[in-house]
Amino acid sequence: MPLGLRACHTAQVGDYVIEGHVPAETIFRLLKEKPDVKGLGVPGMPVGSPGMEGPGAQPYTVYSYDRDGRTQVYQQMNP
Ligand SMILES: [Cu+2]
């Protein structure tokens with residue numbers, strides 16, 4: 001996990017590592033598309049992400065990262 005994506009929760013889903021508040025729909029997309037990445041991450045704890053619902057929800061970004069620690073935008077969320 002690249003340092004910038006380190007977050008509070010880590011989960012293993014199949015061969016992927018999910019870091020932080022990644023929405024279930026994004027994980028389903030990952031399992032369907034099976035990109036050649038190590039996993040997904042959401043840095044920090046954005047308000048509006050799963051488990052962080054509430055007033056003041058903000059757009060946030062789900063990143064993918066590969067074995068070399070390169071990150072890429074995987075999905076833009078607008079809760
Ligand atoms: Cu959290």
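**Group meeting talk: one helix, five strands**

Let me open with contacts. Take the contacts in this chain with a separation of 6 or more: residues 24 or more positions apart account for 39% of them. Keep in mind that this is a predicted model.

Now the layout. The chain has one helix and five strands. Starting at the N terminus, the elements run β-β-α-β-β-β. How compact is the chain? Its radius of gyration is 12 Å, close to the 12 Å that the globule rule gives for 79 residues, so the chain is as compact as a globular protein of that length. Along its principal axes, the C-alpha trace spans about 35 × 25 × 20 Å. Of the 79 residues, 25% are buried.

Next, the sheet. It is an open sheet of five strands, with mixed pairing. What is the strand order? It reads β1-β2-β3-β4-β5. The edge strands are β1, residues 10–13, and β5. Each of these pairs on one side only. On average, neighbouring strands of the sheet are turned by 25 degrees against each other, direction ignored.

Let me start at the β1 edge. β1 pairs with β2, residues 16–19, in the antiparallel sense. That pairing runs over four bridges. One pair to look up on the screen: Thr10 has Glu19 in β2 as its bridge partner. β1 and β2 form a hairpin, with two residues between them. Gly14 sits in that turn, and its phi is positive, about 60 degrees.

Now the other edge. β4 and β5 also make a pair, in the antiparallel sense, over six bridges. Here, Val62 stands opposite Gln75 in β5. Remember Val62, please. It comes back in the core.

So, the core. Which residues have the most contacts inside the largest nonpolar core? They are Val22, Leu40, Val42, Val62, Tyr63, Tyr65 and Tyr74. The core as a whole has 13 residues. Two elements give two or more residues to it: β4, residues 60–65, and β5, residues 71–77. β4 gives the most, with four residues.

Pick out Val22 for a moment. Set aside its neighbours within four places in sequence. What does Val22 contact then? Ile27, Leu40, Val42 and Val62. Val62 is the residue that stands opposite Gln75.

Last stop: the loop between α1, residues 24–33, and β3, residues 39–41. Two residues there deserve a look. The first topic is Lys34, which lies in this loop. Its phi is near 45 degrees, a positive value in a residue other than glycine. Is Lys34 buried or exposed? Lys34 counts as exposed, because it has 10 C-beta neighbours inside 10 Å, and the cut-off for exposed is 12 or fewer.

Then Pro35, in the loop between α1 and β3. Pro35 has 14 other C-beta atoms within 10 Å, so it is partly exposed. How far apart are the C-alpha atoms of Pro35 and Asp66? They are separated by 9.7 Å. Along the chain, these two residues are 31 residues apart.

To wrap up, three things to find on the screen. Find the hairpin of β1 and β2, with Gly14 in its turn. Find β4, which gives four residues to the core. And find Lys34, with its positive phi, in the loop between α1 and β3. Thanks, that's my talk.

Key: Residues numbered from 1 in each chain as written. Predicted model: local features only at pLDDT ≥ 70, side-chain atom pairs only at ≥ 80, totals over all residues. Core = buried A, V, L, I, M, F, W, Y, C linked by C-beta atoms within 7 Å. Buried ≥ 20, exposed ≤ 12 C-beta atoms within 10 Å, placed from the backbone. Contact = placed C-beta atoms within 7 Å. Pairing = 2+ DSSP bridges. Axes fitted to C-alpha atoms, helices over the stretch in contact; angles between N-to-C directions. Rg over C-alpha atoms; globule rule 2.2 N^0.38 Å.
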